[in-house]
Amino acid sequence: MKIFDGHADIWFDVASKRKKGLENIVKSYHYDRFNAGKIMGGIFVAYLDDESVVVDDEKEMMFMVNSAMHELRENQDLFNIIKNQGDFNRGLVSEKMNVLMGIEGLRAIKENLDWLDTFYALGFRHASLTWNEQNALATGARGDENRGITPLGIEAVKKLNRLGMVVDVSHANEKSFWGIYEASSKPIIASHSNARSLCDHVRNLRDEQIRAIAETGGLVGAVAFKGFVSANKEEQTLSKYVDHIDHMVDLVGVKHVGIGFDFCEYLHDDRDGRDMNPLGLEDASKAQDVISELRKRGYKEEDIRKIAYENFMRVIENTLIK
């Protein structure tokens, strides 16, 4: 069963490795694992982490975007970039990697929404207002819980809607979440979040938030970061990960649930850094074990296909412009 991964920090990794003089990063460092796990694409994002605050955000983001453009140009045989309606299916037919270009967190643009036009022109069709920080647009999971989306952030959501870019609420704090929900006229997604009722982490979603996302026609991509799967180390397993899928399916129906792994092992050289995902789901090569677990739990093949990639395809198609 093919899988569309709703969240992968690929452009961050490409930029990091290009700084070290490396080339063809996806082919050299990611493709074999994707292929083993039958991951046929995903939302590949550029984002600024906590360490980026010591440099110029705009300059760092531009380097990351430039690195992504270079990677795409040098590997045109590998990628199908989803820009317009019909592109997702075209990638399935061609068997290239279906990639929705994403920006995770817009702090680099500061108060200049014209950046969104630039991102769009470069092929980006996804954005979240914030990563974990608070910025000119909204407040992230680590920001002030009493601060939410700003008036400029509301303008940004409306502009993303007009452009036909997918609006992502993963990483937004609860107050920003509801502001984005109210502002958006198109489906919203939480590309990589779990159920807070199963794991009480600030990055996970309360049941009423999951219901609200479904109400917009959007979806939640279950995330495989182990701290979002369970606070109990003994329960940080593939089985517990699928429990989150079960819970969300029971809550809002199978058409509003997807997969947003957020594998992180390739971002870290140390052993602890590589152990950031659940036991049995350590990296992209293990992705088909999720499909096997869903089958064991009695899911129909048509429903597994929805979770694996069709739900993301539907939401993306409903957001993009022809």
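Here is a short chat about how to read the overall fold, the empty spaces and a few residues in a predicted model.

Colleague: I'm new to this one. What helices and strands are there in the protein chain, and how many?

Modeller: Keep in mind that this is a predicted model. The protein chain has 13 helices and nine strands. Its radius of gyration is 18 Å, close to the 20 Å that the globule rule gives for 322 residues, so the chain is as compact as a globular protein of that length. Along the principal axes, the C-alpha atoms fill a box of roughly 50 × 45 × 40 Å.

Colleague: How many of the 322 residues are buried, as a percentage?

Modeller: Buried residues account for 60% of the 322. You can also look at contacts between residues at least 6 apart in sequence: 71% of these join residues at least 24 apart.

Colleague: Now the holes. How do I look for empty space?

Modeller: Rolling a probe the size of a water molecule over the atoms shows where empty space is left. Here, searching the whole structure turns up one cavity of 30 Å³ or more. The volume of the largest cavity is about 70 Å³.

Colleague: Which residues line the largest cavity?

Modeller: The lining consists of Asp5, Ala8, Ile10, His30, Arg33, Phe34, Phe263, Glu265, Tyr266 and Ala284. By type, that lining divides into six nonpolar, one polar and three charged residues. Strand S1 (3-8) and helix H2 (25-36) each supply at least two of the lining residues, and H2 gives the most, with three.

Colleague: What about pockets? How much space lies in the second largest pocket?

Modeller: About 300 Å³. There are 15 residues lining the second largest pocket, and the closest to its centre are Tyr31, Asn35, Ile39, Met40 and Glu95. Two or more lining residues come from each of H2, strand S2 (39-47), helix H4 (87-94) and strand S4 (97-104). H2 gives the most to this pocket's lining, with three residues. The lining splits into seven nonpolar, three polar and five charged residues.

Colleague: Let's try single residues. Is His192 buried or exposed?

Modeller: A residue counts as buried when its relative accessible area is under 20%. His192 has 1%, so it is buried. You'll find His192 in the loop between S7 and H8. Leaving aside neighbours within four places in sequence, His192 has contacts including His7, Glu104, His171, Arg203 and Asp262.

Colleague: Where is Asn204 found?

Modeller: Asn204 sits in the loop between strand S7 (188-190) and helix H8 (207-215). Asn204 counts as buried because its relative accessibility is 2%. A polar atom of the Asn204 side chain lies 3.0 Å from the backbone oxygen of Phe228. Not counting residues up to four places away in sequence, Asn204 touches Ser193, Asn194, Ala195, Arg196, Cys199, Gln209 and Phe228.

Colleague: And a residue in a helix? What is Ala68 in contact with?

Modeller: With its neighbours within four places in sequence left aside, Ala68 is in contact with Trp11 and Met101. Ala68 lies in helix H3 (residues 57-74), and its relative accessible area is 0%, so Ala68 is buried.

Colleague: How far apart are Ala68 and Ser230?

Modeller: Give both answers, one along the chain and one in space. Ala68 and Ser230 are 162 residues apart in sequence, and their C-alpha atoms are 33 Å apart.

Note on methods. Residues are numbered from 1 along each chain as its sequence is written. This is a predicted model: local features need pLDDT of at least 70, side-chain atom pairs count only at pLDDT 80 or more; totals for chains, interfaces and linings use all residues. Side-chain values use heavy atoms; hydrogens and water are left out. On a 1 Å grid over the protein atoms alone, a cavity is a set of points where a 1.4 Å probe fits but cannot get out, and a pocket is an open set with protein on both sides within 12 Å along at least five of seven lines; lining residues have an atom within 4 Å of a point. Grid points are joined across faces, edges and corners, and a volume is the space filled by probe spheres set on the points. Helices (H or I, at least four residues) and strands (E, at least two) are DSSP runs, numbered from the N terminus. Ala, Val, Leu, Ile, Met, Phe, Trp, Tyr, Cys and Pro count as nonpolar, Asp, Glu, Lys and Arg as charged, and the others, Gly among them, as polar. Buried means under 20% relative accessible area, exposed over 50%, partly exposed in between (1.4 Å probe, protein chains only). A polar contact is a pair of N or O atoms within 3.5 Å; within protein, one must be able to donate a hydrogen and the other to accept it, and residues adjacent in sequence count only if both atoms are side-chain atoms. Contact means heavy atoms within 4.5 Å. The radius of gyration is taken over C-alpha atoms; the globule rule is 2.2 Å times the number of residues to the power 0.38.
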